[in-house]
Amino acid sequence: MTTPSASRRPRRALLRATLVPAGLAASLVLVPLPTASAATAAGPTEPGSLRIHDIQGGTRISPQAGKAVTGVPGIVTGVRAYGSKGFWIQDPNPDADPATSEGVFVFTGGAPTVKVGDSVLVSGKVTEYYPNFGGGSQSLTEISSPAVTVLSSGNPLPASVVVDTRNIPGTYTPQTPAGATTIEGLALNPEKYTLDFYESLEGMLVEVKDVRVIQATDKYNELWVAADKQDQKSKRGGALYESYAEPNVGRLMVQQQAPVAQQPFPVANVGDVLTGTTGGPLDYNQFGGYTLVAGTLGALQDNHLQREVTAPATDRELTIATYNVENLAPGNPDSKFAELAQAVVTNLRSPDIVTLEEIQDNNGAKNDGTVDASQTVAKFIAAIKAAGGPAYEWRSIDPENGKDGGEPGGNIRQVFLFNPQRVSFTDIPGGNATTAVDVAGTGAGTALTASPGRISPADEAWANSRKPLVGQFSFRGKKVFVIANHFNSKGGDQGIDSRFQEPTRSSEVQRIKQATVEQAFVAKLLAADKEAKVVSLGDFNDYQFSPALATLTKDGVLRDLVNELPEKEQYSYVYQGNSQVLDHILVSPEVGYAKYDVVHINSEFAQQASDHDPQVVRIKP
């Protein structure tokens, strides 16, 4: 599970004194706004010497950072009364330098009282705010602790910059130069680099027209659109993430300045279109990078995206699926159990074996030492049966309390469900949270030393992470080894829009270690029986082109089936507008026949039972 967007949450604790206007000419209207100063401050009466483009400068860091500025003129182009409260101003008289933005955010802390169209003078301190400094985010140039004077109202707004394929550069980012630690000191080159182009428009009015939705509306009223029609398109309308070297350049998050009864935020799925113009100031935030904070929203064109149903299996095909059910616990609404169950029965067609990730213990996130998950699983099995599915049986191993990561107190783990009318589970005693499963025997006599068992649970590779669960099954007299996985998450990695280029993927180190351990276990199985049928599947939290998956498939012990899909179908998760692969099904060489399907039912939809799409494979052992 990847941390969801949360940019509607307040981003800082705010304590501000109130500005008390005094001693100004009668023709000026003073707007009281919060200020960091405990002293009384008066709004400016005359324009100062600096303009917004002087404050923004030609790099990512303002040449005026940390300094006080006085009487900066501009037209109010947008107001935000939630989260980071404030307003945007833009100079209607730009300079000739395309690298210097003409817009800036004025951080008030309290609800701003200016209106769009007001002509204002702003005094305050220039600051560089990092929404996620430790995570490598870029900064947002702001004027903070403001004193504001409204000169007039109802003024026309500066013309918006249309952002589209014609002006978005095809190269995403410059690289950090030798001797530097970030790209912050580089002169912006908005005609060459995407991140420089967006930075040169920071705080300015921009607009997109007739844009495709590439990430569905989330619970914070945010969605993502493709401003560049040349970005790689998925089969169902998303933007495919295909390599570290070539991020999709046209991705923009869209928020709304304030909910408007006449124009509620659209509930959109991937592939829908915002027709007409969507426009507003260009912002930057922790969870989405560059963000269009819309004052005007295009109309929603619903393209009626449908949830997929996998192809039916023949009687001689063994069907094995994986599904990350996103922190499933007995306290979740019954509707979540019902939706997940319906997906298993209808969209996955009741697979013979289902490996589940993120099954929580019996009291969910309550952190009281409980590790048993029998109530969680029983409730889910009952929901599947109520939806018309089989009476699944299950196997798992309770983790040690607090040792497997995930939501604190939840004790997430992997679970095997299996249909006893179709497949049998070979129970071999000895498996527990701390005992490592091994391989016994050779040839046709090869078996696990424990089933279910955990692969090397004491190895440092699995610290604060889920240990792989391996089970031995029998289908039509044929032995099949199944490994249920949930590798460590990407938490702590720097974003692709980071000020550090290339961004550091710190979490990748542990996943490579995990892949190394599991690859060695599979290799040992195949050394004992070269004809062993192994299926390794689950949420690997990494891409098909990543070092971790290259490690897992080393020496051909496993092959990653996602690479055998048509390119435009290679995704199971959508994050920051990128349709990407986090979930995989891999098989050993002797599993030659493998009909594999990612069943798109969640990741592209505003209404989700989970944030992952399930997957299923049909094999003939």
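# Close-up views of a predicted model

**View 1. Val 163 sits among many neighbours.** In this predicted model, Val 163 touches Ile 168, Phe 197, Tyr 198, Leu 201, Val 206, Glu 207, Val 208, Ala 227 and Leu 252, leaving aside residues up to four places away in sequence. Which residues touch the most other members of the largest nonpolar core? They are Val 163, Tyr 198 and Leu 252, in a core of 33 residues. At least two core residues come from each of α2 (194–200), β10 (205–215), β11 (223–226), β12 (251–256), β13 (273–285) and β14 (289–294). The largest share, four residues, is supplied by β10. In soluble globular proteins, nonpolar side chains tend to be buried together.

**View 2. Six strands form an open sheet.** The strand order is β18-β19-β17-β16-β32-β31, with mixed pairing. Which strands lie at the edges? They are β18 (393–395) and β31 (594–598), and each pairs on one side only. On average, neighbouring strands of this sheet are turned by 20° against each other, direction ignored. Helix α4 (residues 374–386) packs on the sheet. The helix touches β16 (318–328), β17 (353–359), β18 and β19 (413–418). The direction of α4 makes about 40° with that of β19.

**View 3. The edge strand β31 pairs with β32.** Strand β32 covers residues 615–619. How many bridges link β31 and β32? There are five, and the pairing is antiparallel. To find one opposed pair, look for Val 598, which stands opposite Gln 615 in β32. Strands of a sheet pair through backbone hydrogen bonds, either parallel or antiparallel.

**View 4. Strand β30 is mostly covered.** This strand spans residues 583–587, and five of its five residues are buried. Asp 583, Ile 585 and Val 587 point one way from β30. His 584 and Leu 586 point the other way. In a regular strand the side chains alternate between the two faces of the sheet. Residues on both sides of β30 are buried here.

**View 5. Strand β30 has two antiparallel partners.** Strand β26 (residues 534–539) is joined to β30 by five bridges, and the two run antiparallel. Asp 539 stands opposite Asp 583 in β30. Strand β27 (residues 559–560) also runs antiparallel to β30, joined by two bridges. Which residue stands opposite Val 587 in β30? It is Arg 559.

**View 6. Two peptide bonds are cis.** One cis bond joins Ser 451 and Pro 452, with omega about 5°. Pro 452 lies in the loop between β22 (447–448) and β23 (453–454). Another cis bond joins Gln 501 and Glu 502, with omega about 0°. Where is Glu 502? Find Glu 502 in the loop between β25 (478–486) and α5 (508–528). Most residues other than glycine have a negative phi, and most peptide bonds are trans.

**View 7. His 304 and Asp 555 have positive phi.** Neither His 304 nor Asp 555 is a glycine. For His 304, phi is about 55°. His 304 is in the loop between β15 (299–301) and β16. Is His 304 buried or exposed? The relative accessibility of His 304 is 56%, so this residue counts as exposed. For Asp 555, phi is about 65°. Asp 555 is in the loop between α6 (547–552) and β27. Exposed means over 50% relative accessible area. Asp 555 has 68%, so this residue is exposed.

**View 8. Pro 156 is an exposed loop residue.** Pro 156 lies between β8 (140–152) and β9 (161–162). Its relative accessibility is 70%, so Pro 156 counts as exposed. Pro 156 and Leu 50 are 106 residues apart in sequence. In space they are 22 Å apart, C-alpha to C-alpha.

**View 9. The whole chain sets the scene.** The protein chain has six helices and 32 strands. Along its principal axes, the C-alpha trace spans about 95 × 50 × 45 Å. A compact globule of 621 residues would have a radius of gyration near 25 Å, and the chain has 27 Å, which agrees. Buried residues make up 58% of the 621 residues. Consider contacts between residues at least 6 apart in sequence: 72% of them join residues at least 24 apart. The chain exposes about 23100 Å², and carbon and sulfur atoms supply 51% of that area.

Key:
Residues numbered from 1 in each chain as written. Predicted model: local features only at pLDDT ≥ 70, side-chain atom pairs only at ≥ 80, totals over all residues. Heavy atoms only, no water. Core = buried A, V, L, I, M, F, W, Y, C linked by side-chain atoms within 4.5 Å. Buried < 20%, exposed > 50% of the residue type's maximum accessible area, 1.4 Å probe, protein only. Contact = heavy atoms within 4.5 Å. Pairing = 2+ DSSP bridges. Axes fitted to C-alpha atoms, helices over the stretch in contact; angles between N-to-C directions. Rg over C-alpha atoms; globule rule 2.2 N^0.38 Å. Areas by Shrake-Rupley, 256 points an atom, 1.4 Å probe, with all protein chains shown as cover.
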